[in-house]
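Please examine the sequence and the structure shown below. The explanation that follows proceeds from the chain as a whole to particular regions and residue pairs.

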Amino acid sequence: MSRRDPNTIDLTEQPIRLADDLRFWPIQQHGQTAYRIEIPSLHRFFHVGYEEYVFLSLLDGKTTVPQACGLAAATLGSQAPTTEQAQSIVYWLLENELGYVAEGDSPLQKGDAESRATDAGFSLSSLNPFWMKVPLLKSQRWIAAIAESLRAIFSPAAMVLGILLILGGGVCVAFQWDRFWTQSAQVWSRSNWIWLFSFWVALKIIHELAHAVACHRQGANAREVGVVFVLFAPLAYVDVTSCWRLNSKWARIAVSAAGMYVELVIASAAMIAWSLVDSPSLAFLLHRLIFAAGISTVLFNANALMRFDGYYILSDWLEIPNLYSASSQAVEQWFRRVLVGTPPPSSSLHGWRRHFVLVYGIAALLWRIAICTTLMLAASTMFSGAGIVLVASGIWMWFLRPAKRHAQNAAKLLQADFFSFCRAAVVGTGLVAGAVAVVGWIPIPTSSRAAAVVRYAPETRVRSRVDGFVRHVHVRDQDHVLRGDLLIEIENRELTNHRDRLQIEQQQIEIKIRQAIDKKETSERIVLQEHLKSIQQQHDQIAKQCEGLRITASRDGQVMTRGLEQSVGKFVRQGDLLITVALPKDKEVMAVVSQSQIEQARPAVGNDVLVRYDDHRHAKAYFEKLEPRATDRLGVASLSSLEGGPLSVQSPIAATNSDSDHDLRLLEPHFVGRIRLDEHAAKVLPAGLRVELELNRKTDPLLRRASDKITRLWHTLQQESLR
């Protein structure tokens, strides 16, 4: 059955009749009586005031709208709806299939979706790869049985215990925030994927089950349980729309908040256990559980701009049923007013609620556009060739299909009012062009800063040239030394014994050569001389290595290494840093530039830049060099999140075996830059100070930034999975 356009109905002549299976019941709202409407077969709920209810009760299929207005005026007096308000109410009835023209057919409601699908045949709109809903359990008897067996979790005693757990968990994290934040930087490491996914699936099942239990405890019932696939990622859901039958808004809010409450209780219990356990492995698992149950719940379920728990809590708290559709209608009416000049219709919302609905609708629209765009960008990056098909379907569903509908409305407007059509075309084109320009073309300048640290130049670092044990340290921190002064002695008996053996063997061969000469055995002499030459070469190499057992200063300067006395007896490997001999002027800044900042960093090479420290203070410097190749190795531990720095590195569990404690692996490859400080800045800034390098301003538009961010994230995850 095709729906008739409400705008083609003459409301002064054609009577309107309410749908046959509607249910009405009174509620108290703001101290006044209002009525809620339900379509039982579709589990859809609506809300009207007392005056609107009186008017609707007169629409019996025999009374026209003007006649109903007159009868309502006789009952309500000055509070009766005006003719314009009555027409708006009727249009609302027809659009939501709550009523129909008495001479026409009743709206399809029972089994509405199935009936229409059967009448229309196979519909491509049902195949939405970005949002696929799969019901798993529709038996209210089974759902009620499960909910009844678990209803004790929302008993008063259990609620008090849960609130105490949440408070206790918050206190535990507050006292160990640095430790918790440091471990949070490792959440997206590849070693966490299986744990995060497992916790996510289990927690979402518990989350939705909590909704069903709370709904049952409040006297309503859960209609069905299933799974929603968002870009093929599974999310559980439970249909508790019957909660709209509850008169108390606080009861409905309790049902909406039940899932988040249970997850927060689980997260809080995990927080307390995490703060007490000593096992690193158990602490690792508990931290991932806290992240999945706590932070993800706040980020997703508490988001009021999408139809998750936060949305329903906000809708009930404001007492605005169907907030999403009401806000969408408010935005549509606002656009009509801007484009065509149509005066705003009357609304049941008054005061600040009417303005709030419009603001919420605009925010939800922008959020929906951002989410749709992000999903398409993610699909194009994650699924390669198949992603093109997904993007095409997303463009059709979210952009082209609405554009087609607006084009049809524009064609009707052209026939009805040419002046209004011209105005809408000019204003609409300007708005679309402005939006496209802001998102995809207009550069948005934002500051870009790279993490950096003050350090002494690499040439000031004295490293071990051999493996061995530190036996003697001849200097202390802050001592002044000259070039060639002995700093440290290293012992490697295996190396020195090898050198001594080669020396003895060399002497023995020399004796044999002299004997061969005395006996005039030419061939044997030649063989021995070649062997002697080989031994001499080996001896020279080992002797050169033995020279490295004595660490001397390669330049004049001051010793800048603390705790040298404690290194005696410590085993060091070739290449390990032993000591730093430098002057204040030898300081430089090592910057770690991310791949998203490389376009701003390259033009700065060879130019003066600013190094920011202590919040608003800065020093001038010269950008000397930027390494041409990116690396995931971080040589300065103070920049890592493990040391409170800004850069995320792999956790010790996820990192590969390394010979050096400072061989940290970044989650994303970075470029290393060297910045030379001037003489004054070198004296002021201490070595080891974390600073920020001011780069050129980033001017990419929003769409380019989002695309680059998703692409880099996906490539990073791919690299992690291959390791």
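Helices and strands are runs assigned by DSSP, with at least four residues for a helix and at least two for a strand. In this predicted model, residues 153–175 are 87% helix and 0% strand on that basis, and the C-alpha atoms at the two ends of the span are 29 Å apart. The span 153–175 is among those that an unreviewed UniProt entry annotates as "transmembrane region". The annotation also includes residues 187–206, 226–246 and 253–276. For residues 253–276, the model gives 100% helix and 0% strand, with 34 Å between the end C-alpha atoms.

The protein chain as a whole contains 20 helices and 23 strands. It has 723 residues, of which 39% count as buried. Among contacts with a separation of 6 or more, 74% join residues that are 24 or more positions apart. The chain exposes about 40,400 Å², and 58% of this area is supplied by carbon and sulfur atoms.

Part of the surface is a nonpolar patch formed by I362, L366, I369, W396, F399 and L400, which together have about 530 Å² of accessible area. Helix 13 (352–382) and helix 14 (384–416) are the elements that each give two or more residues to this patch. F399 lies in helix 14. Its relative accessibility is 34%, so F399 counts as partly exposed.

A second annotation from the unreviewed UniProt entry, "coiled-coil region", covers residues 488–519. In the model this span is 81% helix and 12% strand, and its end C-alpha atoms lie 50 Å apart.

Helix 2 (residues 65–76) contains L71. With a relative accessible area of 44%, L71 is partly exposed. Beyond its neighbours within four places in sequence, L71 is in contact with L58 and T63. L71 and L58 are 13 residues apart in sequence, with a C-alpha to C-alpha distance of 7.8 Å.

How many salt bridges does a search of the whole structure find? The search finds 15. One of them joins R455 and E588, with 3.1 Å between the closest N and O atoms. R455 belongs to strand 9 (residues 449–456) and E588 to strand 18 (residues 587–594), so this pair ties together parts that are 133 residues apart in sequence. Both R455 and E588 are buried.

E694 and R612 also form a salt bridge, at 2.9 Å from N to O. Because E694 lies in strand 23 (residues 690–694) and R612 in strand 19 (residues 608–613), the pair ties together parts that are 82 residues apart in sequence. E694 is buried, at 16% relative accessibility. These two residues also belong to a network of salt bridges that links R449, R612, E692 and E694.

The salt bridge between K683 and E679 has an N to O distance of 3.8 Å. Both residues lie in helix 19 (residues 679–684), where they are 4 residues apart, about one turn of the helix. K683 is exposed, with a relative accessible area of 58%, and E679 is exposed at 57%.

Finally, the cysteines may be considered. The structure holds 0 disulfides. C69 has 11% relative accessibility and therefore counts as buried. C172 is also buried, with a relative accessible area of 19%.

Terms used. Residues numbered from 1 in each chain as written. Predicted model: local features only at pLDDT ≥ 70, side-chain atom pairs only at ≥ 80, totals over all residues. Heavy atoms only, no water. UniProt positions renumbered as here; feature names shortened; annotations may be inferred. Disulfide = S-S within 2.5 Å. Buried < 20%, exposed > 50% of the residue type's maximum accessible area, 1.4 Å probe, protein only. Patch = residues over 30% accessible without salt bridge, like charges linked within 9 Å, V, L, I, M, F, W, Y side chains within 5 Å. Areas by Shrake-Rupley, 256 points an atom, 1.4 Å probe, with all protein chains shown as cover. Salt bridge = Lys/Arg side-chain N within 4 Å of Asp/Glu carboxyl O. Contact = heavy atoms within 4.5 Å.
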